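Work through the exercises below with the sequence and the 3D view side by side. Try each task before reading its solution.

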Amino acid sequence: MASYLDFEKHIEQIDEDIINAQIKGDKDAVAILKKNLAKEIKKVYSNLSDYERLQLARHPDRPYALDFIQHLLSDAYEIHGDRTFRDDPSIVCFAGYLGGKKLIVIGEQKGRGTKDKIARNFGMPHPEGYRKALRVARLAEKFEIPVLFLIDTPGAYPGLGAEERGQSEAIAVNLYELSTLKTPTIAVVIGEGGSGGALAIGVADKLAMMKNSVFSVISPEGCAAILWNDPAKSEQAAKAMKITADDLKAQGLIDDVIAEPINGAHRDKDTAFANVAEYVSKMLEELQSLDTKELVAKRVQKILNLGAFKEV
């Protein structure tokens, strides 16, 4: 059963009408309804608000990191553990081949179904998850294998145990180490990019976002609670924060926007997978043409260009 968002009610009704017409065997009605559906989809998705894109980024049927890994990599092999504390299931690491070329993929996995969501902590990594990610990234560097990061998290886990084990330190170390990693790196926001939890695997030569993904320093709900003491103003906060892919591209904070099927990646996953695979392959070809010194120098300069300062 498909899941529908509040702004998709008319689409849901037409889908139901199509099913009823198919059951009755009314081919003419089905054809007309399908034309109406295409018009309604174009109308709705051509005028999405920032908050509606946030809803799409969080859609329960949206493809997660493991879905992309399954479709992008051949001969995929999972790498576990940070070799210090434990294996964090909210960070997944795989080695495999993309188009016959070696690639390591590190992603944040939210989980599907109650048991899996709890096991993966709803995609909120502990510090050992970020340490695992860095360990695997260093392995990639050692064996000269490029790395793809798939970002999809509400944020790093803020629990007592995570703080005791150095959550902020783990994130900070990743930011520092990934900035000078001596192998090509690409980061793609595939859903929700929340705060430092996203940044910890978001330092890369190329940072891209899928069309209906979001990237922000705090959730709109959290922002609304802090600024107005009213989480109900989250829609207003989403608009003010400029969290969409197009907004961030316009501000020069990301490199590229990866196209999605018009009605969202969850409605046509194969096209979403193909678009990401095409982008990654193209960027890897570009990055692997650079020697290591030039690669790292460009990445560092790119990071420095994100900030602004004035000498007095």
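The exercises cover confidence, two groups of strands, cysteines and a pocket.

This is a predicted model, in which local features need pLDDT of at least 70 and side-chain atom pairs count only at pLDDT 80 or more, while totals for chains, interfaces and linings use all residues. Residues are numbered from 1 along each chain as its sequence is written, and side-chain values use heavy atoms, with hydrogens and water left out.

**Exercise 1.** Find which elements have the lowest and the highest mean pLDDT.

Solution. Start with the scale: pLDDT is the predictor's confidence in each residue, from 0 to 100. The chain average is 94, and 100% of the residues score at least 70. Next, compare the elements, where helices (H or I, at least four residues) and strands (E, at least two) are DSSP runs numbered from the N terminus. Helix H10 (residues 220-228) is lowest with a mean of 91, and strand S2 (residues 91-98) is highest with 98.

**Exercise 2.** Determine which strands pair with S2, and in which sense.

Solution. Two strands pair if DSSP finds at least two bridges between them. Strand S1 (residues 74-78) runs antiparallel to S2, with three bridges; in one of these pairs, Ser74 has Tyr97 as its partner. On S3 (residues 101-108), eight bridges to S2 are found, also antiparallel, and Val92 is partnered by Gly107. Two residues lie between S2 and S3 in their hairpin, where Gly99 takes a positive phi near 60 degrees.

**Exercise 3.** Explain why S5 counts as largely enclosed, and list its partners.

Solution. Buried means under 20% relative accessible area, exposed over 50%, and partly exposed in between (1.4 Å probe, protein chains only). In strand S5 (residues 185-194), ten of the ten residues are buried, so the rest of the structure largely encloses this strand. Its parallel partners include S4 (residues 147-153), over six bridges, and S6 (residues 206-210), over four. Three bridges join S5 to S7, again in parallel, with Gly193 opposite Phe215.

**Exercise 4.** Count the disulfides.

Solution. The rule asks for a pair of cysteine sulfur atoms within 2.5 Å. The count is zero. Cys93 is buried at 0% relative accessibility, and Cys223 is buried at 11%.

**Exercise 5.** Identify which helices and strand each supply at least two residues to the lining of the largest pocket.

Solution. They are helix H8 (167-179), helix H9 (195-199), strand S7 (214-216) and helix H14 (292-306).
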